[in-house]
Amino acid sequence: MASTCVVGLQWGDEAKGKIVDLLCDQHDAVVRYQGGANAGHTVVADGVTYKLSLIPTGILRPGTEGVIGNGVVIHPPALLKEIETLAAQGIDMGHRLHVSDRAHVILPYHMAEERLTEESASAADHLGTTRRGIGPCYKDKVGRVHGVRVGDLYHPERFREHIQRIVAFKNRLLLAMLPDYEPIEAEAVTAEYLGYAERLRPYVRDTTTWLHNAIGQGKRLLFEGAQGSLLDVDHGSYPYVTSSNSSAAGIAAGSGMPTRHIDRWIGVVKAYTTRVGGGPFPTEQDNAVGERIRKVGREYGTVTGRPRRCGWFDAVAARYSARVSGSTEISLMLLDVLSGIPELQVAVGYEDESGRKVTEMPGHLSDLERCRPVYETLPGWESDLTGVRAWADLPTEARNYVGYLAKQIGVPVSIVSVGPERRQTIILGDDAPRV
């Protein structure tokens with residue numbers, strides 16, 4: 001039975017949630033394998049908008065199960081709030097949500113540590129995090145001494161002793177570094193999180209074993225990436241990245257499932273490029289074009305509401321991340337946003353400070369910052385695409401644009417999205433542009 005990976009190939013916010021939602025009917029469970037509540041998916045179905053951060057998008061489908069894997073970091077009150085919000089919208093988790101007992105837990109001092117990191121950074125080094133404690137939690141995870149896993153919450157005495165030691169250390173550190181820091185009370189944190197544990201108990205289990213059993217039963221799994229491949233801590237534009245492997249490289253470590261079980265790899269890209277927070281962005285348009293894309297595409301963060309930086313499609317970056325994530329097909333999103341722009345530009349290469357053309361994405365931040373995009377210009381189209389449902393009905397210029405991007409990335413486009421609704425999707429068959 002076929003399993004699938006859906007992963008973003010840009011700097012996140014590629015509308016992956018819509019594609020996951022569309023594919024749920026072909027899968028039995030959706031697996032989230034990394035990140036935390038700093039990621040957000042928006043899905044519009046039957047006129048209702050659902051916003052998800054931790055819970056896999058598949059939970060919106062009555063027959064689909066959702067798995068939060070061991071590679072995710074969980075803030076229990078955020079997860080419980082999301083469960084309650086979805087319940088109020090008529091989405092019942094029932095026994096369909098599975099939370100890994102190996103996932104690490106975000107605690108109150110993690111938010112303070114992230115604030116310290118952000119406020120102590122210079123303007124040039126500001127990472128632009130969501131300040132939800134994601135990075136410090138991952139830091140404690142790999143540091144091992146101060147890490148807390150979901151399973152620890154179900155061993156109260158050991159958890160209490162562990163928290164007392166951690167809080168004593170964190171209070172000393174943060175009192176020395178943050179003048180207005182209010183020390184955390186270990187016993188209060190213990191009581192609060194043990195309370196969360198009881199509310200989460202119906203969902204917590206060994207998800208790695210659950211996933212292997214599911215594969216053994218012939219179930220089809222859909223692995224859902226959060227953020228995008230260019231934010232991968234190892235393969236992205238470091239240090240302006242997230243704290244986990246947000247490319248497809250994170251699947252095995254973040255879920256416990258070998259990738260040999262996956263035979264379909266869908267890379268998701270916007271028809272243009274966006275980025276949130278700091279970091280190099282070669283094709284950024286800090287001008288009327290960028291503002292137009294932001295306004296028409298409603299480019300504001302699902303989680304933070306922050307305006308996204310907008311620019312032309314960067315084929316160099318997309319080609320690189322498609323290779324890293326092993327994409328076998330592309331889902332091109334938000335093509336409708338570009339309607340009405342007379343000429344569209346696509347970065348097909350970079351030019352370094354010496355004037356030399358670069359066709360591969362530089363690995364070092366300083367080199368990427370100095371690169372200037374080399375553009376190819378394509379004609380745009382005027383007509384509204386939101387009502388188009390067939391490839392042949394797209395304007396010639398739009399079809400040519402899609403085909404051009406496929407050739408530049410080196411991967412065929414199989415899905416084209418022309419709006420947020422499920423039905424605003426064109427599934428390409430034999431008419432798909434060839435690479």
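This report describes helix α7 and two aromatic pairs in a predicted model.

Local features are reported at pLDDT of at least 70 and side-chain atom pairs at pLDDT 80 or more, while totals for chains, interfaces and linings use all residues of the predicted model. Residues are numbered from 1 along each chain as its sequence is written, and side-chain values use heavy atoms, with hydrogens and water left out.

**Helix α7**

Helices (H or I, at least four residues) and strands (E, at least two) are DSSP runs, numbered from the N terminus. In α7, residues 207-216, the buried residues (under 20% relative accessible area, 1.4 Å probe, protein chains only) are Thr207, Thr208, Trp210, Leu211 and Ala214. They line one face of the helix, because they fall within an arc of 160 degrees when seen down its axis; the arc is that of the directions from the axis to the C-beta atoms. These residues pack (heavy atoms within 4.5 Å) against several elements, including β2 (29-32), β5 (65-68) and α8 (251-255). Just after α7, Gly218 takes a positive phi of about 80 degrees.

**Aromatic pairs**

Rings of Phe, Tyr and Trp (its six-membered ring) pair if their centres lie within 6.5 Å; planes under 30 degrees apart count as stacked, over 60 as edge-to-face and the rest as tilted. The count is 3 pairs, among them those tabulated.

| Pair | Centre to centre | Angle between planes | Class |
|---|---|---|---|
| Trp11 and Phe281 | 5.7 Å | 55 degrees | tilted |
| Tyr193 and Tyr196 | 5.2 Å | 75 degrees | edge-to-face |

Trp11 and Phe281 are both buried, as are Tyr193 and Tyr196. The two tyrosines, Tyr193 and Tyr196, lie 3 residues apart in helix α6.

Technical notes. Buried < 20%, exposed > 50% of the residue type's maximum accessible area, 1.4 Å probe, protein only.
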